[in-house]
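The following note sets out numbered remarks on the model. They are intended to be read beside the sequence and the coordinates.

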Amino acid sequence: MDGGTFVEHAELVDELLARIRRDGPLSSIDVEPRAAIDWYWRPTNQVRALLEALAQAGILGLARRDGNRRVYDLAERLFPRDLLAEQRPERDQRRQRLLSRYRAHGLLGRSGSSEIFLGTTASAREAGATTRGELLAELMDSGDLVPVAVDGLRGERFVLADEVPLLDRAAAELEAGEPPSGAAPAVAFLAPLDPFVWDRQLLRPLFGFDYIWEVYVPEKKRRWGYYVLPVLYGDRLVGRVEPRFERRAGTLRILGLWWEDGFDPLAEDAFVGAFAEAVEAHRRFGRVSRVAFPRAVRHRPFVAALRARLEVNRGP
């Protein structure tokens, strides 16, 4: 997105801003859709694209989410005036943006996939451009970031200084044979853009998990499926699930399940219950009433146990 986007679509931009000023927060479904335009990875409705662009430019902000629908409002209605008026040098802004990447992920190194660090530094072609290495050195000198070594991984990784106590606590729990934070392991379906799976080069050696989001992979070349999510169980990545919301049928359909080598979903008593809770959470998020499971023979014992647990959870 650049300033040319607002010039090219000035009429619609003016319309959207006028409606928000007059009527308050707005989402893309509140405006009649317009012809699709090229937007990042695929053509997108102009209304949605321009609302996102206005938010990226700081003109709009996210007022709330309705499910997975973003609702926007004017930035001056969402943030204090003195905060909006504050101006920081570009170098400070980029250093803060880089710090936010390390905060969001939790264990990034000096390098990684380009999309992880997108926007944290100026183009290398710009005269006097600040490099990521320079900003990282400043964050280390200020004490904001602390280098750590991870068994089995080459090179340094970095954590926020105020999160070092979390590492100390995790080490103590591991030594004592206690579960993380003393809580029973839960199941979560990780979104493809969840910070936990940003760094594919970390997932492979640390968790033995090879993950590619195949939504943009041609169908014939997909190994798993269109929208397959990693399954996190406690502190392990144990498999993959492909859920799909069928709105008209009011159904969450589990299209596929795949377990990592050596993991048996029925071998641990707590896993079925934890997986059932994750399914229910996903169903509620999608605001549907039913769940349908794959009929493959290999999944029948697990699906039977899962159905039984869901019936118990829902009660009479």
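Which helix supplies the largest share of the lining of the second largest pocket? The points below take up this matter first and then turn to other parts of this predicted model.

1. The second largest pocket. Helix H8 provides the largest share of this lining, with seven residues. Helix H8 covers residues 164–176, and H6 and helix H9 (200–207) likewise each supply at least two residues of the lining. The space in this pocket comes to about 1300 Å³. Its lining is formed by 29 residues, and those nearest the centre are Leu107, Leu167, Ala170, Phe207 and Asp235. Sorted by class, the lining holds 17 nonpolar, five polar and seven charged residues.

2. The largest pocket. Here the volume is about 2800 Å³. Fifty residues line this pocket, and Arg48, Arg70, Leu193, Trp213 and Tyr227 are the closest to its centre. Two or more lining residues come from each of several elements, among them strand S3 (42–45), helix H3 (46–56), strand S4 (60–66), strand S5 (69–74) and helix H6 (90–105). Strand S10 (236–246) and H10 belong to the same group of contributors. The greatest contribution is that of H3, with five residues. By class, the lining of the largest pocket comprises 30 nonpolar, eight polar and 12 charged residues.

3. The S4 and S5 hairpin. These two strands, which both contribute to the lining of the largest pocket, pair in the antiparallel sense over six bridges. Two pairs of facing residues may be noted: Leu60 stands opposite Leu74 in S5, and Asp66 stands opposite Arg69 in S5. Two residues lie between the strands of this hairpin, and Gly67 takes a positive phi near 65° there.

4. The three-stranded sheet. The hairpin strands belong to an open sheet with the order S1-S5-S4 and antiparallel pairing. Strand S1 (26–27) and S4 are the edge strands; each has a single partner strand, so one side of each has no neighbour in the sheet.

5. Leu62. This residue lies in strand S4. Is Leu62 buried or partly exposed? Leu62 counts as partly exposed because its relative accessible area is 42%, which falls between the limits of 20% and 50%. Apart from neighbours within four places in sequence, Leu62 is in contact with Arg70, Val71, Tyr72 and Leu78. The C-alpha atoms of Leu62 and Arg48 are 13 Å apart, and the two residues are 14 residues apart along the chain.

6. Helix H10. This helix has 18 residues, 269–286, and at 1.5 Å a residue the expected span is 26 Å; the end C-alpha atoms are 27 Å apart, so the two values agree. The buried residues of H10 include Phe271, Val272, Gly273, Ala274, Phe275 and Ala276. Charged side chains are also found in the buried set of H10, including Glu280 and Arg283. Just after H10, Arg287 takes a positive phi of about 55°.

7. Glu260. The loop between strand S11 (251–259) and H10 holds Glu260. Glu260 counts as buried because its relative accessibility is 19%, and the limit for a buried residue is under 20%. Neighbours within four places in sequence aside, Glu260 has contacts with Gly208, Phe209, Leu237, Val238, Gly239 and Arg240.

8. Arg298. This residue is placed in the loop between strand S12 (290–292) and helix H11 (300–314). Arg298 is exposed because its relative accessible area is 60%, and the class begins over 50%. Residues up to four places away in sequence not counted, Arg298 touches Leu257 and Trp258. Between the C-alpha atoms of Arg298 and Leu257 the separation is 9.8 Å, and these residues are 41 residues apart along the chain.

9. The chain as a whole. The secondary structure comprises 11 helices and 12 strands. The C-alpha trace spans about 60 × 50 × 40 Å along its principal axes. The chain has 316 residues, of which 38% count as buried. Of the contacts between residues at least 6 apart in sequence, 51% join residues at least 24 apart.

Definitions and conventions: Residues are numbered from 1 along each chain as its sequence is written. This is a predicted model: local features need pLDDT of at least 70, side-chain atom pairs count only at pLDDT 80 or more; totals for chains, interfaces and linings use all residues. Side-chain values use heavy atoms; hydrogens and water are left out. Helices (H or I, at least four residues) and strands (E, at least two) are DSSP runs, numbered from the N terminus. Buried means under 20% relative accessible area, exposed over 50%, partly exposed in between (1.4 Å probe, protein chains only). Contact means heavy atoms within 4.5 Å. The expected span of a helix is 1.5 Å times one less than its number of residues. On a 1 Å grid over the protein atoms alone, a cavity is a set of points where a 1.4 Å probe fits but cannot get out, and a pocket is an open set with protein on both sides within 12 Å along at least five of seven lines; lining residues have an atom within 4 Å of a point. Grid points are joined across faces, edges and corners, and a volume is the space filled by probe spheres set on the points. Two strands pair if DSSP finds at least two bridges between them.
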